[in-house]
Amino acid sequence: MKKGLLYASFLALPFIFSCARNVTRVSPDEQIDISGRWNNTDSRLVSEQITSDILTASWLGNHLQSKSGQKPVVIVGLVDNKSHEHIDAETFVKDVEQSFVKTEKVRLVQGGKKREELRGERADQQTNASQSTMKKFGLENGADYILQGSINSIVDAHKKKKEVYYQVNLELTNLETNEVVWIGEKKIAKMVKN
């Protein structure tokens, strides 16, 4: 019985090793397209284009001039995925936010769920923190502008060929006047052959 089990184990070894997965680390900047779907390269291309456009556009100089040099305060709103596949917009949105903070050209405030979490923590401090360390309500920086947008896609396929087209549109809107002060877009097209 033991010999038979040992013999079966030796026979199974080549099968086990042939099914082993090989993983190789690559640079996040390296362009790799495996499926033709949205990937990290697309996300990086969008964030680079949007960041470059928004931080060099005329709205920024206009704001600085009208507000005596005060940096604009921006909040990031919803980037709606209307494409045919799951795309997590947060990957490129976080890159854009990081650029806002690094360049120090605009000030960034939290929005959405993170803002609610901050407010919850502040509320908790009102009863559980000492008077000297408690953070007060009503001192948040109000945003001057909100960045919002959408991701759209078009798929054209015939036989073994498919073109996938993505368009990311973002808009920066003045919160006080509802004036759209900047519109940016990034288009990506991919040809996929099976």
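**Close-ups of a predicted model**

**View 1. Tyr166, a buried ring with an aromatic partner.** Tyr166 has just 1% relative accessibility, so it counts as buried. This is a predicted model, so keep that in mind for every view here. What sits beside this ring? Tyr166 pairs with Trp38: the ring centres are 5.3 Å apart and the planes meet at 75 degrees, which makes the pair edge-to-face. Along the chain these partners are distant, with their positions 128 residues apart. Trp38 belongs to the loop between α1 (2-18) and α2 (40-56), whereas Tyr166 is part of strand β4 (residues 161-174). Trp38 counts as buried too, at 13% relative accessibility, where the cut-off is under 20%. Add Phe92 and you get one aromatic cluster made up of Trp38, Phe92 and Tyr166.

**View 2. Trp59 meets Tyr145.** Here's another edge-to-face pair: Trp59 and Tyr145 lie 5.1 Å centre to centre, with 65 degrees between the planes. Once again the pair links distant parts of the chain, 86 residues apart. Trp59 comes from helix α3 (residues 58-66), and Tyr145 from strand β3 (residues 145-158). Are these rings buried or exposed? Trp59 counts as buried, with 3% relative accessibility, and Tyr145 is buried as well, at 6%. For the wider picture, a search of the whole structure turns up three aromatic pairs.

**View 3. The largest pocket.** Now for some open space: the largest pocket has a volume of about 430 Å³. Its lining takes in 22 residues, and those nearest the centre are Val76, Gly77, Glu90, Val93 and Glu97. Which element gives the most to this lining? That's β1, with seven residues. β1 (73-81), α4 (90-103) and α5 (112-128) each bring at least two residues to the lining of the largest pocket. Sorted by class, the lining has nine nonpolar, eight charged and five polar residues.

**View 4. The second largest pocket.** The second largest pocket comes in at about 170 Å³. Among the residues lining it are Ile75, Val109, Gln110, Leu118, Asn141 and Leu175. Three arginines, Arg115, Arg119 and Arg122, also belong to this lining, as do Glu140 and Ala143. Here α5 gives the most, with four residues. The class split for this lining is five nonpolar, four charged and two polar residues.

Note on methods: Residues numbered from 1 in each chain as written. Predicted model: local features only at pLDDT ≥ 70, side-chain atom pairs only at ≥ 80, totals over all residues. Heavy atoms only, no water. 1 Å grid on protein atoms, 1.4 Å probe; cavity = no way out; pocket = protein on both sides within 12 Å on 5 of 7 lines; lining within 4 Å. Points joined across faces, edges and corners; volume = space filled by probe spheres on them. Nonpolar A, V, L, I, M, F, W, Y, C, P; charged D, E, K, R; others polar. Phe/Tyr/Trp six-rings, centres within 6.5 Å; stacked < 30°, edge-to-face > 60°. Buried < 20%, exposed > 50% of the residue type's maximum accessible area, 1.4 Å probe, protein only.
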